[in-house]
Each structure stands twice: as C-alpha cells, then as structure tokens.
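Please read the following with the chain open beside the text, moving from a helix to the nonpolar interior, the cysteines and the charged pairs.

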Amino acid sequence: MSMHQQATVVDGLQISNWSRPVLEELRTGGVSAVNATCAVWENAAETIRSIAQWLELANRNDDLFFLATSGADIERAKEQNKIAVFLGFQNTSPFEDDYRYVELFHRLGVRIAQLTYNNQNLLGGGCFEAEDSGLTRYGRVVVSEMNRVGMLIDLSHVGYRTSREAIEASTVPVAITHSNPLWFFDTPRNKPHDVIQPLVDRGGVIGCCLYPTVSGGEHMTIESFAGMVARMVDQYGPSHVGLGSDCTRGWDHEFVGWLRNGRWQPTAPENSPRWPAWPNWFTGPEDFPRLTEGLVAAGLTDGTIAAVLGGNFSRLFAEVMDTTKEKANV
C-alpha cells in the first residue's frame, strides 16, 4: 500500500459545483474529507436552500459520501471508503445581523465559517480592503458563538488585522484553510508571518493552497509547491500545516464573476473574469496522489506527510467540533 493510500486525506476547502461525478473525483484521489463551501454571498434564506440541496444530494448518493458533523466522522469515512463532507461558509453573510443564526446553522450541519470574503462586512475587514477595521463588536460576538457551538473559524480571505484579533479572541484554535505564506507568492490573499505564527501558537492549522492566483499560476512546479510545504513544516512544525486545494470543479466561467463580485459590484461583460489555468500536475482532486509523491520527493518523513495530508486538520476538526457539543445543547 502506498503512502497516499495509507494516509487519511482531508482537503481544507473546495468550492466545486457538486455532483456525483465531482465527488467521485475525490474518491479516486483518495480524499476522505472535505470542507465544501455552501455559501459565499448568500443570505440566510438562500443558504437554507443550498443546505437543502446538499441533503438531497447526500440522500441520493449515500454509498459515496455523507454530511459530516464531527472530527470522528473523518476516520469513519476512511474506513468505509466514503467521503465526509463538512459544510462550510466562505463568508458570514448567512448570519446576517443576528448572532443566533450561528447556532441555527450549526444545527443545520454547518461546521466551518470564514469570517469575511475579501471585503469588509459586519464582522471585520477583508483581505482586499485598503484599510482593515479589525474585528468589530458584532464580530467578537460571532467568534464567541462559534466557539460555543463548535464551529471552526476560517481566516483565509480575512484581512491581517482582523485575522490577528480573531485568533486572539477565539478560545479554541482556528484555521486558515486555503492560503499560502506571503513569501511564497505576493498577494493579499496570502498570509504574513505575523498572522501565521499567532495562529500556530494557539494550536491552529494553515492549509497550503493550490489555487493558481495564490500559488503562482499554471507554471508553478510540484517541486516548488512541495518545497514551500517543507519550509512551512520546518518553520511552524509538522502539526500545523495542511492542504486546501480550493478546487473549483464543475463550474462555468460565469460563476467566477459571482464569486468575485457577488451583488456588491457590477460585472461588465467585457471584463468578465475567467477561471485561471491550473498546473498540469494538479488539475483536480484526482491528482492528490501526485502531490503526495511530491512531498515524498521533498524529503518529508512519512509521519509528517500523513499529518500534512489530513492528520492535522482531522485533529483540529475534532478539537473544535467534538468537545463543545454538550455546551451547545445546554
């Protein structure tokens, strides 16, 4: 059995257009668990519909995947050759201006929420704003509620100041599910040392990201990416580095316009964004075994590779999601 087959692979984030063929790509690639985005700009009502669609998909494909709610579900999926799908938000738009929606969506199965998506919102600053406001008063309430019910905080598209304040405000470790260090590729979506170090110091995990706009584009080599992961392990320790592919399977180019612009700015037809080209060695979740080979070639030990592929996210999910259930039901 290969190193990849032995390992439990957890993908920190995908925002695919989910269907049975897309999910089968994960199983082919040996992925046992995934943080699947079910909302970005949607409000509460629209997000409920999105979750309902997931319920329907799960009911019709229960031989292939199930909707996961605890860290323990990851090993169950591995044992059953299924996929544990964790529903996640890439923005807190679904919470609107009502902190009670945090527990509501937790009861509907949502286990991960990114505080902002690129822009300023009611909770704090996004990574593309010129001025980062920091965590707002409402943001602190939502962080506290997420801690209470057992919902993992994600800081991937969040501004640097807001990220640092959220790390400090949270009573449990938090995640950056799909970003790279700023030194690897210079974009506001990637994170500086003074965000990553506090996250690691508090027990968090950063998922190194394969999405072309944060990793260097289609010409990025597997040696370069695996070398970055190895340097991250050396700098922050083997227990705090994971992977978040940010795969976007099954979408047309129109969706990327919605993703970037939501309802807050118009998309001019002549300026419609298009999906970036991926490197030929990683075009989707089926290529995770090739990534594992790259990590082996980079000289990482088997134990470290297993941790990076999924062990670290598995531990973090369990710590955040599994130990707060009693409090959530008080």
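Helix α13 bends by about 60 degrees at Val 308, the bend being the angle between axes fitted to the seven residues ending at a residue and the seven starting there. Helices here (H or I, at least four residues) and strands (E, at least two) are DSSP runs numbered from the N terminus. The 20 residues of α13 (residues 302-321) should span 28 Å at 1.5 Å a residue, and the end C-alpha atoms lie 27 Å apart, which agrees; the expected span is 1.5 Å times one less than the number of residues. All of this is read from a predicted model, in which local features need pLDDT of at least 70 and side-chain atom pairs count only at pLDDT 80 or more, while totals for chains, interfaces and linings use all residues. Residues are numbered from 1 along each chain as its sequence is written, and side-chain values use heavy atoms, with hydrogens and water left out.

Val 308 also leads into the interior, since it is one of the residues in contact (heavy atoms within 4.5 Å) with Val 229. Leaving aside neighbours within four places in sequence, the contacts of Val 229 also include Cys 208, Val 241, Leu 243, Leu 295 and Leu 300. A nonpolar core is a set of buried Ala, Val, Leu, Ile, Met, Phe, Trp, Tyr and Cys residues joined through side-chain atoms within 4.5 Å, where buried means under 20% relative accessible area, exposed over 50% and partly exposed in between (1.4 Å probe, protein chains only). The largest such core has 86 residues, of which Phe 95, Leu 115, Leu 155, Phe 225 and Val 229 touch the most other members. Helix α10 (residues 222-236) gives the most to this core, with nine residues. A second, separate core of 18 residues includes Phe 86, Val 172, Val 205 and Leu 316. In soluble globular proteins, nonpolar side chains tend to be buried together.

What does a search of the whole structure find in the way of disulfides? With a disulfide taken as a pair of cysteine sulfur atoms within 2.5 Å, the search finds zero. The sulfur of Cys 208 is 8.9 Å from the closest cysteine sulfur, in Cys 209, and so too far for a bond; Cys 208 is buried, at 0% relative accessibility. For Cys 127 the closest cysteine sulfur is likewise in Cys 209, 12 Å away and too far for a bond, and Cys 127 is buried at 9% relative accessible area.

Charged pairs are found as well, with 14 salt bridges in the whole structure, each a side-chain nitrogen of Lys or Arg within 4 Å of a carboxyl oxygen of Asp or Glu. Arg 20 pairs with Glu 24, the closest N and O atoms being 3.0 Å apart, and because these residues are four apart in helix α2 (residues 20-28), about one helical turn separates them. Both are partly exposed, Arg 20 at 25% and Glu 24 at 33% relative accessible area.

Glu 103 and Arg 148 form a salt bridge whose closest N and O atoms are 2.6 Å apart. This pair links distant parts of the chain, 45 residues apart, with Glu 103 in helix α5 (residues 100-107) and Arg 148 in helix α6 (residues 137-149). Glu 103 is buried at 18%, whereas Arg 148 is partly exposed at 27%, and both belong to a network of salt bridges with Arg 107 and Glu 145.
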